[in-house]
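Me: Could you walk me through reading a ligand site and the empty spaces in a protein model? I'd like the general idea, then the case at hand.

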Amino acid sequence: MTDTGRLSGKRALVTGGSRGIGAAIATRLAADGADVVITYAAAADAAQSVVDAIRASGRKGEAIQADGADPVAQTAAFDAAAKVLGGIDIVVHNAGFGIFTPVSEDTPDNLRRQLALNVEGVHSGTIAALPHMPDGGRIIIIGSISGHTAPFPGSATYSATKAAVTGLALGWARDLAPRKILVNVVQPGPIATDMNPLDGPYAEMLVPTIPLGRYGEAKEVAALTAFLASDESSFITGSTIDIDGGMSI
Ligand code: NDP
């Protein structure tokens, strides 16, 4: 394999890289030249398939099982990834999930569980990553347009977690600017994955609200993430970038 990709020599960690958007990001970063470690929760076979694809690109690839909602496990996984890679240049906080419940049926536990992975996992992971990151690194958080929209009933707690990561990114972008570590949030609209399948409960309702008239593909989110991971994004930090087919217009 040649070492001419725009991420050649870079070392990346993608959380929740076994399926969906995270898997697309992991394989895209590898195709662009990065060595990539992924974390996953339970789907060991899917994680291995992604590792195989990373290695087929001629890059180093490993998968680490770790519950991102557990700060101890998350920290251990980031430390282990740094050991495998010899450091971390690019962190993609992708692991996340949603519980969609009307407020009249909501429970404190629904919010707590989403906060634990979608927000605290991002927070503990970044703290763990920083000692392993050289100046000039990249931290990219997969948020959601739900961070600034509520496109259907029952999205309040998920939206709250996705708005919260924008707050983290703004603060971290300022804190880490002296080290030229750039921090940005990618905010997808509906993307066809296991979490939001085309034959699932939301697609029929949402597609008509998307000006481009379709769900996005995971590889489209991966392309934006790879750009933000590259040297070409050198003047972008503290930004939230929608990738939603115009749904937020
Ligand atoms: P999927 O459900 O398809 O994949 C989720 C990934 O996260 C899997 O790799 C899964 O691992 C991993 N994961 C889940 N829970 C944990 C955990 N506790 N610890 C570690 N890893 C975990 O989701 P998507 O690809 O659709 O979503 C990825 C991100 O994009 C999420 O943050 C989501 O909120 C966001 N997003 C998605 C949108 C969509 O329409 N799909 C829209 C906007 C944002 P395993 O395979 O082992 O279960």
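Reply: Sure. Let's begin with a backbone contact: a backbone N or O atom of Ala43 lies 2.8 Å from an oxygen atom of the ligand. Keep in mind that this is a predicted model.

Me: Which side chains put an N or O atom 3.0 Å from an oxygen atom of the ligand?

Reply: Look at Lys162, where an N or O atom in the side chain is 3.0 Å from a ligand oxygen. Ser18 belongs in the picture too, with a polar side-chain atom 2.6 Å from an oxygen atom of the ligand.

Me: How much of the ligand's area does the protein bury?

Reply: The idea is to take the ligand alone, then add the protein. On its own the ligand exposes 900 Å², and the protein buries 91% of that.

Me: Which residues come nearest to the ligand?

Reply: There are 30 residues around the ligand, and those that come nearest are Ser18, Arg19, Ala42, Tyr158 and Thr193. Ser18 is also the residue with the 2.6 Å polar contact.

Me: Which helices each supply at least two residues of that shell?

Reply: Helix H1, residues 20-31, and helix H5, residues 156-176, both do. For the chemistry, sort the shell by class: 14 residues are nonpolar, 12 are polar and four are charged.

Me: OK, now the empty space. What's the general trick?

Reply: Rolling a probe the size of a water molecule over the atoms shows where empty space is left. Here, the largest pocket has about 880 Å³ of space. Of the 41 residues lining that pocket, Asn94, Gly96, Phe97, Thr193 and Met195 are the closest to its centre. H1, strand S2 (35-40) and H5 are the elements that give two or more residues to the pocket lining.

Me: Which element gives the most to that lining, and where does the ligand sit?

Reply: H1 gives the most, with three residues. As for the ligand, it sits in this largest pocket. Thr193 links the two views: it is among the residues nearest the ligand and among those closest to the pocket centre. By class, the pocket lining divides into 22 nonpolar, 15 polar and four charged residues.

Me: How many cavities of 30 Å³ or more does the structure hold?

Reply: Two. A cavity is a space the probe fits into but cannot get out of. The largest cavity has about 60 Å³ of space, and its lining includes Thr15, Gln74, His93, Asn94 and Leu117. Helix H4, residues 108-129, provides the largest share of that lining, three residues.

Me: What about the second largest cavity: how much space, and what lines it?

Reply: About 30 Å³ lies in there. Lys10, Asp89, Arg138 and Asp231 are among its lining residues, as are Ile90 and Ala229.

Me: How do the two linings split by class?

Reply: For the largest cavity, count three nonpolar, six polar and no charged residues. For the second largest cavity, count two nonpolar, two polar and four charged ones.

How values were computed:
Residues numbered from 1 in each chain as written. Predicted model: local features only at pLDDT ≥ 70, side-chain atom pairs only at ≥ 80, totals over all residues. Heavy atoms only, no water. Near = heavy atom within 4 Å. Polar contact = N/O pair within 3.5 Å; in protein donor to acceptor, adjacent residues only side chain to side chain. Areas by Shrake-Rupley, 256 points an atom, 1.4 Å probe, with all protein chains shown as cover. 1 Å grid on protein atoms, 1.4 Å probe; cavity = no way out; pocket = protein on both sides within 12 Å on 5 of 7 lines; lining within 4 Å. Sits in = over half its atoms within 2 Å of the grid points. Helix = DSSP H or I, 4+ residues; strand = E, 2+ residues; numbered from the N terminus. Nonpolar A, V, L, I, M, F, W, Y, C, P; charged D, E, K, R; others polar. Points joined across faces, edges and corners; volume = space filled by probe spheres on them.
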